[in-house]
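Reader: I should be grateful for a close look at the enclosed spaces inside this protein. Please describe what lines them and what surrounds them.

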Amino acid sequence: MRLSALHHTTVGELGEAGILDLLSASYQGLTSGDGVIGPGDDAAVIPAPGGHFVIATDAMNEGHHFLRTWPSGITDNGYSTGWKLAAQNLSDMNAMGAVTSSVSVSLAMPTTTPAAWVFHFGRGIANACRWLGASQTVISGGDLTRAETIATAITATANLIGQPVLRKAAEDVAGFHLIHTGNAGMSHAGYVVASQGTHNQLRRDELQALRLFLRPRPPLDQGPKVAGVVSAMMDVSDSILTDADRLAAANNLHAHIDPAWVARTAAHLQPLADRYDADASQWVLTGGEDYGLLAILNPEHDLPAGWEIIGQLTSQPQERPATTGWDHF
């Protein structure tokens, strides 16, 4: 079926077999590999040559995690939803120092969902894996079901060479550096643009922020690279502030975020924030879904390339305004 025809076809008209064929086409061949048994059987088989098997699941629900049409008039044909769903799972594996090997996709939706939305959703997953640097990832299968609104989830697996990087360090890390790599604040800036912007009048910096919100760029080359250097690590999904506190709490410590780092990082966002009567420093501290990495580094070690020191871990809490990041409930 031609892509143009999909815009006039619903998933109810296709049926389960037709939807599966559509998704298989959208995945662009990322369903096979050496030793892989992918879609078609009751379960997939994915090799784990490193000897350690890592697994994680993330879900996204329409109206809570994504919209097909944003208040600004910006629309998502399914591609960005698929991209972000893949990116957040790839980011979880990155934070463990692991390399993603497969993703299994579950999709629940109304029968009136346009078939084109499903095709672009699958294409977004496939292209996120390819373009973010996880082209070795196999799309191993998943599940389909009917629902009142669109709800989707990915279960990802990964191979781990050596030991995982956990949130809890194996040593006393009081006084160690808190370091970060990623695009702090950009995703929240994009969320503000999607929610409040004017679709046909977006400036260059607004478009850049919007892209990083709808199609985040987790630094997948960094997790495995620093696995043997940092003492602990996690990804930034709910905000710098929330996730730094989580990383510190796992080590019975407190995170002190450097105000000078916040000011430097916020400075390039403030002109955009001014148009929305916002404080860019709050975007940096409390904005979620950047999918960068936070890690704990011994001061005796060199700072890895591409990372910044953003604070320190101490035994005393930091005095700060009562601000928080994303909370799923």
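**The cavities and their surroundings**

Author: In this predicted model, the largest cavity holds about 70 Å³ of space. The count of cavities of 30 Å³ or more comes to two, and the second largest has a volume of about 30 Å³.

The lining of the largest cavity is formed by Met-60, His-65, Phe-66, Leu-67, Trp-70, Asp-76, Ser-80, Thr-81, Lys-84, Phe-213 and Leu-214. By character, six of these residues are nonpolar, three are polar and two are charged. Helix H3 (79-95) and helix H6 each supply at least two residues of this lining. The most comes from H3, which gives three residues.

One lining residue, Leu-214, leads to the loop between strand E1 (52-61) and H3, where Ile-74 has its place. Ile-74 counts as buried because its relative accessible area is 6%, and the cut-off for buried is under 20%. Leaving out residues up to four places away in sequence, Ile-74 touches Arg-68, Thr-69, Val-193, Ala-194, His-199, Leu-202, Leu-210 and Leu-214. A distant part of the chain also approaches this loop: the C-alpha atoms of Ile-74 and Thr-198 are separated by 8.6 Å, although the two residues are 124 apart along the chain.

Two of the residues touched by Ile-74, Val-193 and Ala-194, belong to helix H5 (residues 186-196) and are buried there. The other buried residues of H5 are Met-186, Ser-187, Ala-189, Gly-190 and Val-192. What covers the buried residues of this helix includes helix H6 (204-214), helix H10 (270-275) and helix H11 (280-286). H6 thus appears both in the cover of H5 and in the lining of the largest cavity.

H5 also leads to the second largest cavity, since Ser-187, a buried residue of that helix, is part of the lining there. The other lining residues are Asn-183, Leu-212, Pro-216, Arg-217, Glu-289 and Asp-290. This lining divides into two nonpolar, two polar and three charged residues.

Arg-68, a contact of Ile-74, is also in contact with Thr-113. Thr-113 lies in the loop between strand E2 (99-109) and helix H4 (115-131). At 1% relative accessibility, Thr-113 is buried. Its side chain reaches the backbone oxygen of Pro-110 at 2.8 Å. With neighbours within four places in sequence left aside, Thr-113 is in contact with Thr-9, Thr-10, Val-11, Arg-68, Val-118 and Ile-150.

The wider setting is as follows. The protein has eleven helices and nine strands, and buried residues make up 51% of its 329 residues. In soluble globular proteins, nonpolar side chains tend to be buried together. Here, the largest nonpolar core has 44 residues, and those with the most contacts inside it are Leu-178, Ile-240, Ile-257, Trp-261, Leu-294 and Leu-313. A second, separate core of 39 residues includes Leu-85, Leu-107, Phe-119 and Leu-160. In the largest core, Leu-313 is in contact with residues that include Val-173, Phe-176, Leu-178, Leu-253 and Ile-296, its neighbours within four places in sequence being left aside. Across the protein, among contacts between residues at least 6 apart in sequence, 85% join residues at least 24 apart.

Definitions and conventions. Residues are numbered from 1 along each chain as its sequence is written. This is a predicted model: local features need pLDDT of at least 70, side-chain atom pairs count only at pLDDT 80 or more; totals for chains, interfaces and linings use all residues. Side-chain values use heavy atoms; hydrogens and water are left out. A nonpolar core is a set of buried Ala, Val, Leu, Ile, Met, Phe, Trp, Tyr and Cys residues joined through side-chain atoms within 4.5 Å. Buried means under 20% relative accessible area, exposed over 50%, partly exposed in between (1.4 Å probe, protein chains only). Contact means heavy atoms within 4.5 Å. Helices (H or I, at least four residues) and strands (E, at least two) are DSSP runs, numbered from the N terminus. A polar contact is a pair of N or O atoms within 3.5 Å; within protein, one must be able to donate a hydrogen and the other to accept it, and residues adjacent in sequence count only if both atoms are side-chain atoms. On a 1 Å grid over the protein atoms alone, a cavity is a set of points where a 1.4 Å probe fits but cannot get out, and a pocket is an open set with protein on both sides within 12 Å along at least five of seven lines; lining residues have an atom within 4 Å of a point. Grid points are joined across faces, edges and corners, and a volume is the space filled by probe spheres set on the points. Ala, Val, Leu, Ile, Met, Phe, Trp, Tyr, Cys and Pro count as nonpolar, Asp, Glu, Lys and Arg as charged, and the others, Gly among them, as polar.
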